Amino acid sequence: MSARRSYGSYNDGCASSHALDLVGERWALIIVRELLLGAKRFVDIQHDIPGIGPGPLTQRLQDLEEAGIVRRRSLPAPAHVSVYELTEWGSGLEAVNTALSQWAIQSPRLPLEADMSPDTLVLAMRAHARPLAPGSPGRNVSLTLSDSRTPSRAAVEYVAALTSEEASIVKVATVRGSAVDALDAQASCTTRTWKSLIMGGVLLDSTDLSIIGSADAVQELVDATKLQLP
């Protein structure tokens, strides 16, 4: 099968067309999405993207490497495994992911019942995060999510820092050389439970969410990051 012709080969000099030449192939932006919060092994990327086989994943990763969007590196001992991560330029695609998310939640066909990986769920929170009300005290909340699709996998921890100026959520594994400020609360649950809070309108006290510390701080995190669905 012949390779797809680029838009540039049709004498189209538009930057948006060139962007689609780089990330417009099937699975490309989904792979980028799964790397936005940090490096992952091949097997972890494949797990977090249901439906992709090893062949297509290998090809897309090669394409993204050649484009300068993704790079591969080896972790030092004792790990001795290869991981894929976004380049600095590739990380700029979070703005694209955010814009697509903010646009797509208005779709009447949004698959609200479908599951999401921990990273995908947190990226949705980051895309729709809002600052606290003016004058509100800052909040630091730890959120630990286990993947509802495969409960046997290790849970993933994130930390949200909420202020009246911004709301940020980071993956703990990607925080290097900096201690997390004192936590107001620690929350843990499955991705399905947390999704029901930020996308399903379910009330906090009607879930199996485990909370250590301030339930009010967890509620503020929900309020600051839930999607404004139509």
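**Exercise 1. How are α2 and α4 oriented to each other: roughly parallel or roughly perpendicular?**

Solution. The model is a predicted one.
- Step 1: take the axes. Those of helix α2 (residues 28–35) and α4 come within 10 Å and cross at roughly 80 degrees.
- Step 2: apply the cut-off. Angles of 65 to 115 degrees count as roughly perpendicular.
- Step 3: conclude. α2 and α4 are therefore roughly perpendicular to each other.
- Step 4: list the contact residues. α2 supplies A28, I31 and V32, while α4 supplies L57, R60, L61 and L64.
- Step 5: sort them by class. The contact of α2 with α4 has six nonpolar, no polar and one charged residues.

**Exercise 2. Determine how many residues of α2 are buried, and name them.**

Solution.
- Step 1: count. Six of the eight residues of α2 are buried, so this helix is mostly covered.
- Step 2: name them. The buried set is A28, I31, V32, R33, E34 and L35.

**Exercise 3. Place R60. Is R60 buried or exposed?**

Solution.
- Step 1: locate the residue. R60 lies in helix α4, which spans residues 54–66.
- Step 2: compare its accessibility with the cut-off. Buried means under 20% relative accessible area. R60 has 14% relative accessibility, so R60 counts as buried.
- Step 3: find its partners. Beyond four places in sequence, R60 touches E25, R26, W27, A28 and I31.
- Step 4: look at two of these partners. The charged end of R26 sits over the ring of W27, at 4.5 Å from the ring's centre.
- Step 5: check for aromatic pairs. Searching the whole structure gives zero of them.

**Exercise 4. Describe the packing of α6 on α7.**

Solution.
- Step 1: take the geometry. Helix α6 (residues 94–104) and helix α7 (residues 118–128) pack at about 80 degrees, with axes 9 Å apart.
- Step 2: classify. This angle makes α6 roughly perpendicular to α7.
- Step 3: list the contact. From α6 come E94, N97, T98, S101 and Q102; from α7 come L123, R126, A127 and H128.
- Step 4: sort by class. The contact of α6 with α7 has two nonpolar, five polar and two charged residues.

**Exercise 5. Repeat the analysis for α8 and α9.**

Solution.
- Step 1: take the geometry. The axes of helix α8 (residues 191–198) and helix α9 (residues 215–225) come within 9 Å, crossing at roughly 65 degrees.
- Step 2: classify. α8 is thus roughly perpendicular to α9.
- Step 3: list the contact. α8 contributes W194, L197 and I198, and α9 contributes V218, L221, V222 and T225.
- Step 4: sort by class. The contact of α8 with α9 has six nonpolar, one polar and no charged residues.

**Exercise 6. Which residues does V156 contact beyond four places in sequence?**

Solution.
- Step 1: locate the residue. V156 belongs to strand β4 (residues 156–162).
- Step 2: list the contacts. They are P118, D119, L143, T144, L145 and K171.
- Step 3: take one pair. V156 and L145 are eleven residues apart along the chain, and their C-alpha atoms are separated by 5.3 Å.

**Exercise 7. Characterise L229.**

Solution.
- Step 1: locate the residue. L229 is in the segment after α9.
- Step 2: classify exposure. Its relative accessible area is 25%, so L229 is partly exposed.
- Step 3: list the contacts. L229 touches I105, L110, L112 and M199, leaving out residues up to four places away in sequence.
- Step 4: take a distance. The C-alpha atoms of L229 and G53 are separated by 32 Å, with the two residues 176 apart along the chain.

Methods
Residues numbered from 1 in each chain as written. Predicted model: local features only at pLDDT ≥ 70, side-chain atom pairs only at ≥ 80, totals over all residues. Heavy atoms only, no water. Axes fitted to C-alpha atoms, helices over the stretch in contact; angles between N-to-C directions. Helix = DSSP H or I, 4+ residues; strand = E, 2+ residues; numbered from the N terminus. Parallel < 35°, antiparallel > 145°, perpendicular 65-115°, else oblique. Contact = heavy atoms within 4.5 Å. Nonpolar A, V, L, I, M, F, W, Y, C, P; charged D, E, K, R; others polar. Phe/Tyr/Trp six-rings, centres within 6.5 Å; stacked < 30°, edge-to-face > 60°. Lys NZ or Arg CZ within 6 Å of the ring centre and 35° of its normal. Buried < 20%, exposed > 50% of the residue type's maximum accessible area, 1.4 Å probe, protein only.
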